[in-house]
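Here's a quick briefing to read alongside the model. Have a look at the chains first, then come back for the notes.

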Amino acid sequence: MRSAIRLFVIAVAVTLAPAAFAQGFRPARPVEVVVHTGPGGGNDVLARAIAAIVDKEKLLPVRMQVVNKPGGNGNLAMAYVAEKRGDSNTIGFFTANMVTAYLVSAEAKVTVRDLVPVARLVLEPAVIAVKADAPFKTLADFIDAAKLKPGQLKQSGGSITSRDNVVRQLLQKNSGARWVYISFPGGGERIAALLGGHVDLMVIEPEEAGEHIRAGSMRLLAQVSEKRLPAYPNVPTLKEAGFDIPVVPQIRGVVAPPGTSRESLEYWEDLFRKLTRTASWKKYLADNQFEDGYQNGAGLAKFLDEFTDQMRGILKDAGIKTVR
Amino acid sequence: MEIFSGLMHGFAVALEPANLMWCFAGVFLGTVVGILPGLGPPATIAMLLPLTFSMNPASAMIMLAGIYYGAKYGGSTTSILMNVPGESASVVTCLDGYQMARKGRAGPALGIAAIASFIAGTVGVLGLMLVAPPLAKFALSFSSPEYFSLMAVGLAMVVLLAGRSMVKALLAALVGLWIASMGTDLFSATSRFTFGRMELLSGIDFVVVAIGVFALGEVLSNMETHEEAQLMPMPKGVRNFLPTLQDLKDCRFAFLNGSVIGFLVGVLPGAGSTIASFLSYGVEKAVSRRREEFGTGVIEGVAAPEGANNSETGGALVPLLTLGIPGSGTTAILLAALVLWGFKPGPLFIPENPTLFWGLVASMYIGNVMLLILNLPLVPLFAQVLRLPVYALYPLIFGVAVVGVYSESGSMFALALLLVFGLLGYLMRKLDYPSAPLILGLVLGGGMERALRQSLMMSEGSLSILVSRPISAVMLSLAIVILLIPLFSNINAWRLRVLEQEEP
């Protein structure tokens, strides 16, 4: 242990030495990386994987310390980052869910846009799956069946504001078909409900679906992405399947506290740009079947504004009460 | 035969010196995080995950699983000694465990927790090894209506947890259900009982309530009676630290009950170890001949839930390894770990990775033995905590509660909630309301509401779905039988009274 600490101190000293000559900001103590889930949640796993890659590729002179601030549908984590006004040693991870949470809960005090956008990192595509022995061979089959029996087919998914339901809303609006959406809190329960034949359809992450398809228990009808994923060259995108609806991305990225100095913002933007160019990062994306969604701070700011308006419209269409 | 050769292969993997070391590291860490309230296995595994990238996956899995089931052993320690549940699955252990400690039987309580954990943990691994694939299919036939009925059985047990007054128990359970309904509704995104606080948007963590009501409530109500310098009698001699032969005999059924219920509930992705421990406690009490003594420090009341939360681990690994479906926070992060190491958990995982699967199974047999050897000698050591005078013990309990809640939530608001629930626990004790029904309502409320609404959405609004599906119908009938138990005992009491009056 002691020798590990000594090594660490030497490593820090060596990497810090040139810093004295470098311009601008450079973190001198461990960086606090705030995530809104408990350990094991989506952003937590992403943040820890990034911390490991940053460490392996020696992109940062100090350690990244993941801090879990669960609760309040992500609002607690955002409020925590907001309180760290001007602190260059704190960054936070966000997801698209935080944008919707702010739109529907009056209790939320802070939005992603109150924080300083640093980088958009990941776009998570999704696929639409049915049980392997289901009668539907194409998405059109399912939609036709839903039109014949309005409100009788079922889809399992997460909360009503999640992307799963947004895809359903857009498909329903586009086709005029209607089916039931049943919320399950855990991803495992959603898959179990589909495999057990208790629901007919689900929107699932491509990586999660992979093994069930290989084992012959699940079949894909379409993919929720702009172009076909490498893993599923034979599954049509929504557009190719005949449903020209907007592809709603599930995004993850990085924000900094409000009042962050220009130097430190540039430092963080640069760090994450470098990260997305490493081989380890590309492997991580490929392993999880994520898409590289890199955008810098300015691009992310524009994206968030558009995305918020888009989501507000979709939620209203879905009959969900928005408060802003 | 296939199982036998698989197991032999597994032991060959698990008995490699490096793997034995990782197994020990895992179960040791697990015991430690189990003892510390607040720091749970998911957080520990998440923190260690980056370290495992450079490890051989079989060794890494052996270690991480060791943390998972090792924590279930440690969880009972603070429940018994301080009335502070170390893990959510150890809440029920407080009911009789802490009472045993107050009677000077902390040693046997801790000892039986380790023994029950060992027996049920081993049975859980046996189940994982022998019946994993068929049982996974069974778990899939379980859906919302079945979950509703299962939780109805759990909630019916409120009649068993009631003290002298049934009305007070029902009121406490209702408060629990009410707290469970707080937060953002999953189905409509509507905020319920958030009082305009964003901290309440995802509801109240039940560990905060349990620690507040049990531990702080206990400290507050005992502070009034400050005449004793030492709270608990502390016998001398090693023999008094271990369960007697009679204790083991009393627990025979509890071992079986905990093992079976824990494993079966564990297999279901939507239930979890807290529900498993409540159910096995309820079953133990329902069939016990000394039902009225439960809650006053009965040893079976410790053995059953502690067994159940250990065999639950073996059960929870069934859907994870056979289907790639995680049922809890810990299995979700184990799944993430498998993916990060380059595995693809799913239906083909076990046939394609026999070394990992059998190595894990074999290591779990070994790990459970290690845990027993590790935990039994610790019993007399931990029990020394109770030698502390009251003026030191109470601040210690208070400190452990505060640190536990803060390390889990990282928020000052949660500490304020802890105080509120501490006061609630104090008032409930003063007014003679039982606290267990409140916790039961809180544990089951959210899941039960969701299961009912999901069922009704599946059936397009018809309640018949709850009785037209056989498993659900059986469990609902069971719930009704449990609700009628007090009635039977009343009838029996009347009958005895009448008999007495007739025989002058």
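What follows covers the contact between two chains, then a sheet and its helices.

This is a predicted model, where local features need pLDDT of at least 70, side-chain atom pairs count only at pLDDT 80 or more, and totals for chains, interfaces and linings use all residues. Residues are numbered from 1 along each chain as its sequence is written, while chains are lettered from A and ligands numbered from 1 in the order in which they are written.

**Where the chains meet**

- Chain B puts 48 residues in contact with 48 residues of chain A (contact: C-beta atoms, placed from the backbone, within 7 Å).
- On the chain B side, α3 (41–52), α6 (106–141), α15 (329–340) and α20 (436–458) each chip in at least two residues (helices are DSSP runs of H or I, at least four residues, and strands are runs of E, at least two, numbered from the N terminus).
- That side of chain B has 25 nonpolar, 18 polar and 5 charged residues (nonpolar: Ala, Val, Leu, Ile, Met, Phe, Trp, Tyr, Cys and Pro; charged: Asp, Glu, Lys and Arg; polar: the others, Gly among them).

**The sheet in chain A**

- Six strands of chain A form an open, mixed sheet in the order β2-β1-β3-β10-β4-β11 (strands pair if DSSP finds at least two bridges between them).
- At the edges sit β2 (64–68) and β11 (291–296) of chain A, each pairing on one side only.
- Strand-to-strand twist averages 20 degrees (axes are lines fitted to C-alpha atoms, for helices over the stretch in contact, and angles run from 0 to 180 degrees between N-to-C directions).
- Strands β3 (90–95) and β10 (250–256) of chain A run antiparallel, joined by 4 bridges, and Gly92(A) stands opposite Val255(A) in β10(A).

**Helices on the sheet**

- Helix α4 (96–104) of chain A touches β3 and β10 of chain A, at about 80 degrees to β3(A).
- Helix α11 (297–317) of chain A packs on β4 (116–124), β10 and β11 of chain A, at about 75 degrees to β4(A).

Terms used:
Contact = placed C-beta atoms within 7 Å.
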